[in-house]
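Student: Could you take me on a close look at one helix of this protein and then show me how it fits with the rest? I would love one connected walk through it.

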Amino acid sequence: MEKKDLQQFRAWFDSYIAGFYGDDEYVNTNLKLKEDHTRRVCQETSCLAEALRLGDANMLIAATIALLHDVGRFEQFVVHRTYNDPRSENHCLLGLSILKKHDVLAPLDQPMRQIVETAIRVHGEKELEGDLDERTRLFARLIRDADKLDVYRVVLDNFKRFEAGGDECLVEREFPNEPTCSAPVVSAVLNGEMIAYSEIKTANDFKLLLIGWVYDINFCQTLARIRERLYLAQLLARLPRTTEMMEVGKCIFKYVDERIEDGE
Ligand SMILES: [Fe+2]
């Protein structure tokens, strides 16, 4: 893959998404959220790829995956007016069918195209499937980490805007803002397990789900960024100040510190 291929993908992406903006401000605002998310994930990916010393050739592939990972989001919102996959359709698979329809990845040879398509397909899965080859796995792990870094930021921005008296809190619209945390959710975080989305009953459970994502973070370089930006501390600060939550905090910071220390 060459630099000019990435430039071609960028040009295609810009003109493809431009076509979705129209007269409906509600739709435009939501499209812009995903456009901005994509651009920041590209940025996170390039910083992580550099920290991991992936090399120029791999950088181009990682950049392509970051640029196109959420390409399905635009049609998804225009057609279904939601980003909720179970209530509409799987945005990863939709993205792949769009890339196929427009023959976007034609400049890539078959093995390269396979890597890009697979990374896009699995980026939104709850956990990464086990049977990927080593190279594909590297790129899949990278996009999953870069994506999570930006989701932390988006959710926290949403909380902060809401607290400052701005627009409504999207998290609390989706889940009741009760002062409780569900027992299975708390025990999953304390046991180092990923939380199933189906267990989420309250806005607090959702915050714990995001905290528990650290168990699915692949690179200690990503964890270092999460720690540096205080994402976990900011989520914990928005949970009830109970002994149980203090325990969660202790456990999660210990986990993150140890992994960064071990360099894994
Ligand atoms: Fe996505």
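Tutor: Happily! Let's start at helix α11, which covers residues 220-228 and has T222, L223, R225 and I226 as buried residues. Looking down the axis of α11, you would find these buried residues within an arc of 160°, so they line one face of the helix. There is a general rule to keep in mind here: an α-helix has 3.6 residues a turn, so residues three or four places apart point the same way.

What lies over that face? The cover of the buried residues of α11 includes α2, α7, α12 (231-236) and α13 (243-262). Just after α11 comes L230, with a positive phi of about 60°.

Now let's step back to see the setting. This is a predicted model, and the protein in it has 13 helices and zero strands. Read from the N terminus, every element in the run is therefore written as α, because the chain goes α-α-α-α-α-α-α-α-α-α-α-α-α. The C-alpha trace spans about 55 × 50 × 30 Å along the principal axes of the protein. For 264 residues, a compact globule would have a radius of gyration near 18 Å, and the 19 Å of this protein agrees with that. Of these 264 residues, 31% count as buried. If you take the contacts between residues at least 6 apart in sequence, 62% of them join residues at least 24 apart.

The domain assignment divides the protein into domain 1 (3-143) and domain 2 (175-262). Their C-alpha centres lie 27 Å apart. Six residues from domain 1 and six residues from domain 2 take part in the contact between them. On the side of domain 1 that touches domain 2, there are three nonpolar, no polar and three charged residues.

Next, let's go inside. The largest nonpolar core has 32 residues, and I65, A66, L68, A119, F139, L142 and I143 are those with the most contacts inside it. At least two residues of this core come from each of α1, α2 (25-51), α3 (56-68), α5 (91-101), α6 (110-122) and α7 (134-163). With seven residues, α7 gives the most to this core. You met α2 and α7 a moment ago, as part of what covers the buried residues of α11. Apart from the largest core lies another one, of 19 residues, among them C181, I195, A203 and F206.

To see the packing up close, pick out L68: leaving aside residues up to four places away in sequence, L68 touches F9, F13, G95, L99 and I120. Two of these partners, G95 and L99, belong to the buried residues of α5, together with H91, C92, L94 and L96. The buried residues of α5 pack against α3, α4 (72-80) and α6. Just after α5, D103 takes a positive phi of about 50°.

Let's finish with a residue from the beginning of the chain. D5 sits in helix α1, which runs over residues 3-18. With 17 C-beta neighbours inside 10 Å, D5 counts as partly exposed; the buried class needs 20 or more. Not counting residues up to four places away in sequence, D5 touches P107 and L108. Between D5 and F20, 15 residues apart along the chain, the C-alpha separation is 24 Å.

Technical notes:
Residues numbered from 1 in each chain as written. Predicted model: local features only at pLDDT ≥ 70, side-chain atom pairs only at ≥ 80, totals over all residues. Helix = DSSP H or I, 4+ residues; strand = E, 2+ residues; numbered from the N terminus. Rg over C-alpha atoms; globule rule 2.2 N^0.38 Å. Buried ≥ 20, exposed ≤ 12 C-beta atoms within 10 Å, placed from the backbone. Contact = placed C-beta atoms within 7 Å. Domains from an automatic or database assignment. Nonpolar A, V, L, I, M, F, W, Y, C, P; charged D, E, K, R; others polar. Core = buried A, V, L, I, M, F, W, Y, C linked by C-beta atoms within 7 Å. Arc of directions from axis to C-beta.
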